[in-house]
Amino acid sequence: PRLFLKNESVTGLDTAVHILLDISGSMTSRIDLACAACYSVALALAAIPGISVGVSAFPADYEDDVTATVYPLLRHGERVVNSFSVEAHGSTPLTEAMWYVLGLLSTLPEKRKVMLVVTDGYPDDPETTKETITVAQRMGMEVLGIGINTPIISSIIHVSETITDIRELAPAMFRLLQLTMTEKRR
């Protein structure tokens, strides 16, 4: 009692953010800038106390496991040390990739959980993607999206933004995350 003027409860961020990057074949010309934007955002988020950040790319291309859908670029709890480098290929199995992230986020200790999807195309199965987002929201998770030249993102993910140029990606990611982090949770 002598050291402090008063006791006060302070709410910390206590948030896990997972960025899910589409690396389908249509991302070929954009992949370097998309990886750089994800790296920059992950680096900035990791520097904020109370935020755990992870980044994954989909579809994965493991030679030994053809069923793998997601390739982790940064695992939660790891330090951001190297830039991300992947090659674009394949289709857009967004539903499967989101289920992977939901399972991952559900095991983390942080109270608030946010998934940020970055894509430039239609999911392989838009209906099951919408159902997966509904499940995520019921679990208390927040799903954000950025569509690169694809306005369909707003019909799938309600808290989203569409950009027309890959150079707008990093600012859009920061903007969406800032809005989400600074608003009180419903």
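In this predicted model, six strands form an open sheet with mixed pairing, and their order across the sheet is β3-β2-β1-β4-β5-β6. The edges are taken by β3 and β6 (159-163), each of which has a single partner strand, so one side of each is left without a neighbour in the sheet. On average, and with direction ignored, neighbouring strands of this sheet are turned by 20 degrees against each other. Along the sequence the chain follows the pattern β-α-β-β-α-β-α-β-α-β-α, which comprises five helices and six strands.

A convenient place to enter the sheet is strand β1. Strand β1 (residues 15-22) pairs with β2 in the parallel sense over eight bridges, and within this pairing Thr15 stands opposite Ile51 of β2. β1 is also joined to β4, again in parallel, by seven bridges, and here the bridge partner of Ala16 is Lys113 in β4. Together with helix α1 (residues 31-46), β1 and β2 make a right-handed β-α-β unit. Just before β1, in the segment that leads into the strand, Asp14 has a positive phi of about 40 degrees although it is not a glycine; with a relative accessibility of 30%, Asp14 counts as partly exposed.

Strand β2 (residues 51-58) deserves a closer look, since eight of its eight residues are buried. In a regular strand the side chains alternate between the two faces of the sheet. In β2 both faces are covered, with Ile51, Val53, Val55 and Ala57 buried on one side and Ser52, Gly54, Ser56 and Phe58 buried on the other. β2 is also joined to strand β3 (residues 71-74) by three bridges, and these two strands run antiparallel; in this pairing Val55 stands opposite Leu74 of β3. At the end of β2, the peptide bond from Phe58 to Pro59 is cis, with omega near 0 degrees, and Pro59 itself is found in the loop between β2 and β3.

Phe58 and Pro59 come up again when one turns to Ser24, which lies in the loop between β1 and α1. Is Ser24 buried or exposed? Its relative accessibility is 2%, and Ser24 therefore counts as buried. Leaving aside neighbours within four places in sequence, Ser24 is in contact with Phe58 and Pro59, with Ala88, His89, Gly90, Ser91 and Thr92, and with Asp120.

The interior can be followed next. In soluble globular proteins, nonpolar side chains tend to be buried together. In this chain of 186 residues, 49% count as buried, and the largest nonpolar core has 38 residues, of which Phe84, Leu116, Leu169 and Met173 touch the most other members. At least two residues of this core come from each of β1, α1, β2, β3, β4 (112-119), β5 (142-148) and α5 (169-182), and α1 gives the most, with nine residues. A second, separate core of 21 residues includes Ala97, Met98, Val101 and Leu102.

Two residues of α5 show what this helix touches. Not counting residues up to four places away in sequence, Leu169 touches Ala34, Ala37, Val118, Ile146, Ile148 and Ile163. Ala170, which is likewise found in helix α5, touches Ala37 and Val41 when residues up to four places away in sequence are not counted. The C-alpha atoms of Ala170 and Val41 are separated by 7.0 Å, although these residues are 129 residues apart along the chain. For the chain as a whole, residues 24 or more positions apart account for 71% of the contacts with a separation of 6 or more.

The structure holds one aromatic pair, formed by Tyr39 and Phe84 in an edge-to-face arrangement, with 5.7 Å centre to centre and 85 degrees between the planes. Because Tyr39 lies in helix α1 and Phe84 in the loop between β3 and α2 (94-106), the pair ties together parts that are 45 residues apart in sequence. Both Tyr39 and Phe84 are buried.

One further backbone feature lies in the loop between β5 and α4 (153-156), where Asn149 has its place. Asn149 has a positive phi of about 55 degrees although it is not a glycine, and at 45% relative accessibility Asn149 counts as partly exposed.

Terms used: Residues numbered from 1 in each chain as written. Predicted model: local features only at pLDDT ≥ 70, side-chain atom pairs only at ≥ 80, totals over all residues. Heavy atoms only, no water. Buried < 20%, exposed > 50% of the residue type's maximum accessible area, 1.4 Å probe, protein only. Helix = DSSP H or I, 4+ residues; strand = E, 2+ residues; numbered from the N terminus. Pairing = 2+ DSSP bridges. Right-handed = clockwise from strand over helix to strand, strands pointing away. Core = buried A, V, L, I, M, F, W, Y, C linked by side-chain atoms within 4.5 Å. Contact = heavy atoms within 4.5 Å. Axes fitted to C-alpha atoms, helices over the stretch in contact; angles between N-to-C directions. Phe/Tyr/Trp six-rings, centres within 6.5 Å; stacked < 30°, edge-to-face > 60°.
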